[in-house]
Amino acid sequence: MSLTETSEVFVAVEESALNDLITAVCGTRPHLLNYGSPAFVPGSSVSATQMAPIPFPGSPGLQWSVRLTTPVLDLFKQDQTLPPELSLGAGQFSLSTKVRLCVDCASRGRNEPPGEDPKGHDHQGHDHQGHDHPGEDQQWPDDRDDWGKARNPMCCTLDVFAVGHLVSTWAGGQRAVGFALDAVEIVDIEPNALESVIECLLTMVLRSVLATLSLPVTALELGAFTLTPTVGPLIDVNRVLARGDF
Amino acid sequence: MSEIIAAIDEAAAQQLFDTEVAGLGPQSTSGSSSLGPFSVSYAVSGTLSNGTVDLIAPATIEIADLRLDWHVDLTFQLDIGDFIPDIHIPQVCIHIPCVGTVCTPSIDIVWPTVTVPVSFGDYLLTTVDLGVALSLVAGVWKVEGIVQGVPSLQFGASTAALLAAIGLAVSAAVAWVPLIGPFLAVLVGAVVAAIGVAGLTGLLGPIITPFVSGTRFPITEIPALFEVLPASGPFDPAVFVTVDSLGAEVQNNPPEDELVVLADIHP
Amino acid sequence: MRSTAMTENLDSRALRNTDCYGQRFMKPGTYAYALAPAGAAGAGGEFPYVVEVVERAGKRERDMQQTIVRVRFVKERHGECCDERYADPGRFVPDQERVTVEAGDMVLWNSPDAATRPFVVDGQKEFLGSSALTNECGYTHVFRTPGEHEYVDANGSGLRGIVRVADPAPRNAEELRAWQARLGEGALVMINDARPEPAEVEVVLGQTVFFAVVNGPGVTITDAALVAGGATVTGAA
């Protein structure tokens, strides 16, 4: 069976190469995976993207951050273990990453134990479900002078799995391959309602993150030949392939 | 197994070759050589075009009916005396009335050496085999098709036409030579015979063959540090991957023969 | 074939190996002359060579005798005579610097060497010189290009004549030999008071024409194309 079949050009990118490409993008532009309000991200840079605090009445805004590790993709057929809630169908990819969510718990006293280090160093005594401090009603101070200095960061790290499919898109005026989410699963959060809320939140986060991740078709074939896709890019067995005209 | 595979079929390879051969443009060279008994200086140019691509596994690209349009400007020195004997005008005596007989001395007319310029062009068709060659030069992976061996170029009717052109050029070059008229046909015939087809092919072969043999047809070039995404803002620097290895081959994947490039990368 | 004046070089003022200049000396005496580059006649230099004419021995009648003086160009490099960038160092020399003839005899100058530059014989006395053929003298020329050659007197006497040169166009070796056999034949043009007789003459390529000047104002035999206002030379087979 010919590679090109009825087309003139054929391109195939193995799963490992696809992950290499994604790693290169995420490693060079880590801000694509790192978002936060000013207390966590003092300014937008290559490393992180600054976003607004979550406004809330009576406060200057809730300070937060979301950071993802470089996602690892597994193309159909399935090689990576997935939560039972997810299954990898033909033409799909699975994605695994760790998401670190942080908030600046401004009302916490200095003598209370700190939460998880927002830079990623886990502290004893805090699980991934975060912390709850009912009864705190002290007026939150205006801390805009302390951007980048979250006073009481509290963080948790979640293992996130997702499945999705490829989409055709454009990047920098070039034909590109993008990633669309079909389902997200977080492991071991209870109660289920909370898991659903977190999953919904992370689905939105991941969808936004993946929307910024796209790979030009030329990158898939390293510019070896000029390809105008008429078939794909699509997920074959453990690889992305495309066929088209020269 | 390679991480990235890019392949084109023969139709695409044909387009690729057509583009590359057009991009080669005219080639030219000059020097000196032998044309039969003559030493010639030459300036020759050649332009490749056309050709039908046939991919042959595992590593051959055959180009059939590759056309080479060539043009040569030759200059050689012709010592006319080498081909026709010098003329001896004998003593001439004439009687002048009331004076007597006056005689001129005998005179030897020595033929000069003349410069003969010849300008001629034609084309030929040949079939060559390109070997697929790979190299990493100055941080760029290059995949090229290189003509294998020394093709035997058939000049065919060109030689007869060029001999005729040389004959005309000789006629033009010696036209100014006094007393050459009666000897012109003999001279042209002698020069053309001295050169002959062997002389022409002996000249044309070595100076025109290099336009084909050893010719490199670029197939593709990939920077070893390949730019995945260009820089697009202050926080979005260009993204690169390193191409660790590259391969190129012709695969027979029925019903197609395909030119395949294989690569491994790392971030 | 079209002939051109440049290739025919018909000019008594510029003698080449296919030309001769002859002068008959009628009176005893010493006649000095120079051999000069074409165009340099009358430049007023020295006259280093001599024709010594003696009385005819005895009173008996005898045929005119002819003496040939061979002229060569000798390259020289001596002192600071010449700047080689602008001039050819050297001079024309005869094979005999002094010749002795009897009155009524003829001296003929010719260069046997095709490489010799064009030259003139320039006599101290006016009658002697190839740039002004006066009396009892002549100029011969081997015609080497076919066509119709019109000649005139570059000194302006009005002398004008035509030499038609036929191309033998031999088609085989026999015809070639026949043509070569005719090269020993010449044609004669008598010039009296700047009038050629015959005014038109026909020869075949390679044949010699004798222009015999009986008397006149000092004429030249010069291709009309070389003279301002002269007629052009037309080609003819």
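**A sheet shared by chains A and B**

In this predicted model, seven strands form an open antiparallel sheet, in the order S10(A)-S11(A)-S1(A)-S1(B)-S14(B)-S13(B)-S12(B). Strands are DSSP E runs of at least two residues, helices are H or I runs of at least four, and both are numbered from the N terminus. Two strands pair if DSSP finds at least two bridges between them. Strand S10 (228-235) of chain A and strand S12 (225-229) of chain B are the edge strands, each pairing on one side only. Neighbouring strands are turned by 25° against each other on average, direction ignored. Axes are lines fitted to C-alpha atoms, for helices over the stretch in contact, and angles run from 0 to 180 degrees between N-to-C directions.

Strand S1 (residues 9-14) of chain A pairs with strand S1 (residues 4-8) of chain B over five bridges, in the antiparallel sense. A:Val9 has B:Ile8 as its bridge partner in S1(B). Helix H1 (residues 15-28) of chain A packs on the sheet. This helix touches S1 and S11 of chain A, and S1, S12, S13 and S14 of chain B. Its direction makes about 160° with that of S13(B). Contact means C-beta atoms, placed from the backbone, within 7 Å. Helix H1 (residues 10-24) of chain B lies across S1 of chain A and S1 and S14 of chain B, at about 80° to S1(B).

Residues are numbered from 1 along each chain as its sequence is written, and chains are lettered from A and ligands numbered from 1 in the order in which they are written. Local features need pLDDT of at least 70, side-chain atom pairs count only at pLDDT 80 or more, and totals for chains, interfaces and linings use all residues.

Technical notes:
Contact = placed C-beta atoms within 7 Å.
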